[in-house]
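Colleague: I would like a close look at a single part of this model, with its surroundings described afterwards. Please keep to what the coordinates support.

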Amino acid sequence: MARRDLSEAEGDDRRHVLDHRRMGIQVELQVGEQRVRQLPDPSGGLFDAAGDFDRLLDPGNPALGLLSAVDPHGETRFGANQMRQLLAELELLLIGATAGAERRGLMRLRAMAERCAEDQGELVFVGD
C-alpha cells in the first residue's frame, strides 16, 4: 500500500480519480507511536476508527483542500496543525451527508479530529 504524508503543504498534484464502487477508507488516530483504541462515540458508546463517508470525498470540490488529497488506495496522514482546516471541511460535508452510517462516520471523524488537535496527534487515512 502506498503512503502519502500530507502533514506539510503539497503542490497541485493532489488530485485523484476516485472509484467510489471500490473505495473503503478507514481513519485512525495516532498519538505518538500509539493508535488510540477507544474514543467516545458521538452516537453513544465507544469507537476506534471512522469510515462510511467515502462518497463525499470529491476531488473536484475546491472546498475540500485536505480531504480531496486523501489517497483512496494508500495511506494519507494529517497532523494536528491541519485539524482546524479539516474540521471546517467536515462541517461542509455534514450538510450533504445522508442519515445513518455516512453521517455517523463523519461525526466520528470530527470527534477524532478534535482529539487529534488536543493531543497533538495524527489522523491516518487508510485506503483499500
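Colleague: Does Asp52 count as buried or exposed, and at what relative accessibility?

Modeller: Asp52 counts as exposed, because its relative accessibility is 51% and the class takes values over 50%. This is a predicted model, and the figures here are computed from it. Asp52 sits in the loop that runs from β5 (46-47) to β6. The phi angle of Asp52 is near 75°, which is a positive value in a residue other than glycine.

A second residue can be set beside it. Gln120 also has a positive phi, near 55°, and is likewise not a glycine. Gln120 belongs to the loop between α2 (101-119) and β7 (122-126). With a relative accessible area of 61%, Gln120 is exposed.

The strands that these two loops lead into are paired with each other. β6 and β7 run antiparallel and share five bridges. Within that pairing, Arg77 has Val124 of β7 as its bridge partner. β7 also pairs with strand β2 (residues 26-31), again antiparallel and through five bridges. Here Leu29 is matched with Leu123 in β7. As for cover, β7 is mostly covered, and five of its five residues are buried. Glu122, Val124 and Val126 point one way from the strand, while Leu123 and Phe125 point the other way; all of them are buried.

Charged side chains come next. The model has eight salt bridges. One of them joins Arg77 to Glu75, with 3.0 Å from N to O. Both ends of this pair are under the 20% limit for buried residues: Arg77 counts as buried at 9% relative accessibility, and Glu75 is buried with a relative accessible area of 16%.

Another salt bridge is formed by the side chains of Asp41 and Arg108, at 2.6 Å from N to O. Asp41 is in the loop between β4 (39-40) and β5 and Arg108 is in helix α2, so this pair ties together parts that are 67 residues apart in sequence. Its two ends fall into separate accessibility classes: Asp41 is buried, with a relative accessible area of 9%, whereas Arg108 is partly exposed, with 22%.

Helix α2 takes part in a further salt bridge through Arg110, whose partner is Glu91, with 2.7 Å from N to O. Glu91 lies in helix α1 (residues 83-96), and the pair links distant parts of the chain, 19 residues apart. Glu91 is partly exposed, with a relative accessible area of 39%. Salt bridges also link Glu28, Arg35 and Asp48 in a network.

Last, the confidence of the prediction. The protein chain has an average pLDDT of 85, and 82% of the residues score at least 70. Among its elements, strand β6 (residues 75-79) has the highest mean pLDDT, 97, and strand β1 (residues 3-5) the lowest, 58. Over residues 8-22 the pLDDT is below 50, although this stretch has 24 contacts in the model beyond near neighbours in sequence. Where pLDDT is low, the predicted coordinates should not be read in detail.

Note on methods: Residues are numbered from 1 along each chain as its sequence is written. This is a predicted model: local features need pLDDT of at least 70, side-chain atom pairs count only at pLDDT 80 or more; totals for chains, interfaces and linings use all residues. Side-chain values use heavy atoms; hydrogens and water are left out. pLDDT is the predictor's confidence in each residue, from 0 to 100. Helices (H or I, at least four residues) and strands (E, at least two) are DSSP runs, numbered from the N terminus. Contact means heavy atoms within 4.5 Å. Buried means under 20% relative accessible area, exposed over 50%, partly exposed in between (1.4 Å probe, protein chains only). A salt bridge is a side-chain nitrogen of Lys or Arg within 4 Å of a carboxyl oxygen of Asp or Glu. Two strands pair if DSSP finds at least two bridges between them.
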